[in-house]
Amino acid sequence: MYLRLTSKREIPKPNSFQRISWVILFTLLSFSLTAQLSICKKQDSIRTVYLDSLQYYYSKNNERKVLATFDQLIELLPTATEYLLRKGVYLNRLEQYQQSYYEFNKAIEVNPRLLEAYFWRGLSLLNLKSYDSAIKDFSLVIEKTNRLDSMAYKYRGMAYFEKEDFIKATIDFDSALFYNKRDFEILIRLAQSHFNSKRNDTALKIIDNLLETDPYHPDAIIIKVNICFEQNCLNEALNECKKYLLKYPEDESINLLTGAILVEKKEYAASLPNLTKSIRLNNKESFFLYGVANYYLANDQVAIEALQKTLSFNPSQNEEMEIHFMIGVCKNNIQTGSGCADIKKAISMGLHDASSTYNEDCKK
């Protein structure tokens, strides 16, 4: 039962001490609110200055000043996750992935429910090749908001791809394409995942559709050539390469593929113009194919030089014994017996078919 106050009972009046205390309390509270408002106004003013500075330093590409200004904003407003996120994203753009990872960690400490921080931290971890941790972060974001789902599926798929879990990568890339069916980066990775999973027909269908939209997409052509090597449709792949080279004749990667197809077709002389351009890549494949083409054309000294460069790229044992055999044959062509040590090394490494050559050229 509630106590009811009647007109005969008055609310007790505060004594003089209480009145003074309340006056002091309200005065202090009023002063505190005024001071807080003053501080807030001052903070807003400083923040505005920092934000203006940030825009200026952005426009001048002054990375050091941009990061210093972010630090000033974060010091001024330590619980404002917006600036921790923006600094982390900026560091990501600068490819400073370890530092960006720390900024996203700080944002998560301030607000453990901040989905954007988990997404961006996952992207940093992906670039740091911490694929399992990246997958965990992207998984925390997925199916929480459509705004992030499309990108989270895409990059989680890439993490699975790098782990060579192509089945899960395929599932995520398919989910990402639901949001953007024309994302060529996803389509390329999806086709590569199918190719790596031995689903060549599915991969080729994706690539052919992509090439209808963009006939000069180099990554698509590379995948198509790889599929054609396995399916023995080399002429089709060669046509794609030649069409591309009409527009981009100096592209080293497509020249390498074209040269590889022509070597496979035993058209060694035709392969040389392409392989000559491809050796600018300075990689194992370009030197090896250039050496092979010259080996079969009996350009012995050129073949030796190219094949010896191939050895500096740590070839597999099977590749190395084949290289030593070809070097040995070329040396013997130049000077009898000078290549026998190389042929013998190839035999010792397991190339037993070289024994007949060794017996014929080195045991006279």
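**Figure 1. Lysine 198, out in the open in a predicted model.** This is a predicted model, and the first close-up goes to a lysine in a loop. With a relative accessible area of 64%, lysine 198 is exposed, because anything over 50% counts as such. Its loop runs between helix H9 (184-196) and H10. Look at the backbone too: lysine 198 is not a glycine, yet its phi is positive, at about 65 degrees. Most residues other than glycine have a negative phi.

**Figure 2. Lysine 129, another loop lysine with a positive phi.** Here we're in the loop between helix H5 (115-127) and helix H6 (131-141), where lysine 129 has its place. Phi of lysine 129 is near 65 degrees, again a positive value in a residue other than glycine. As for the side of things that faces solvent, lysine 129 has 63% relative accessibility, so it counts as exposed.

**Figure 3. Histidine 217, a buried loop residue.** Loops aren't just for exposed lysines: histidine 217 sits in the one between helix H10 (200-213) and helix H11 (218-231). Its relative accessibility is 12%, and since the cut-off for buried is under 20%, histidine 217 makes the grade. Who's around it? Setting aside residues up to four places away in sequence, histidine 217 touches Phe184, Ile188, Leu210 and Leu211.

**Figure 4. Leucine 245 and its contacts from further along the chain.** Leucine 245 belongs to helix H12 (residues 234-247). At 11% relative accessibility, leucine 245 counts as buried. Once neighbours within four places in sequence are left out, its contacts are Asp251, Ile254, Asn255, Thr258 and Asn274. One of these, threonine 258, is 13 residues away along the chain, and its C-alpha atom is 9.2 Å from that of leucine 245.

**Figure 5. The disulfide between cysteine 340 and cysteine 362.** A search of the whole structure turns up one disulfide, and this is it: the sulfur atoms of cysteine 340 and cysteine 362 are 2.0 Å apart. Cysteine 340 is in helix H18 (residues 340-348) and cysteine 362 in helix H19 (residues 355-362), so the bond ties together parts that are 22 residues apart in sequence. The torsion about the S-S bond of cysteine 340 and cysteine 362 comes to about -100 degrees, which makes the disulfide left-handed. Both cysteine 340 and cysteine 362 are buried.

**Figure 6. Cysteine 241 and cysteine 330, two buried cysteines.** For cysteine 241, the closest cysteine sulfur is in cysteine 228, and at 9.0 Å that's too far for a bond. Cysteine 241 counts as buried because its relative accessibility is 0%. Cysteine 330 is buried as well, with a relative accessibility of 0%.

**Figure 7. Stepping back to the whole chain.** The chain has 19 helices and zero strands. Of its 364 residues, 42% count as buried. Among contacts in the chain with a separation of 6 or more, 44% come from residues 24 or more positions apart. The chain exposes about 21,600 Å², with carbon and sulfur atoms supplying 52% of that. On confidence, the mean pLDDT of the chain is 85, and 85% of its residues reach 70 or more. The stretch to treat with care is residues 1-42: pLDDT stays under 50 there, and the model has four contacts beyond four places in sequence for these residues.

Terms used:
Residues numbered from 1 in each chain as written. Predicted model: local features only at pLDDT ≥ 70, side-chain atom pairs only at ≥ 80, totals over all residues. Heavy atoms only, no water. pLDDT = per-residue confidence, 0-100. Contact = heavy atoms within 4.5 Å. Helix = DSSP H or I, 4+ residues; strand = E, 2+ residues; numbered from the N terminus. Buried < 20%, exposed > 50% of the residue type's maximum accessible area, 1.4 Å probe, protein only. Areas by Shrake-Rupley, 256 points an atom, 1.4 Å probe, with all protein chains shown as cover. Disulfide = S-S within 2.5 Å.
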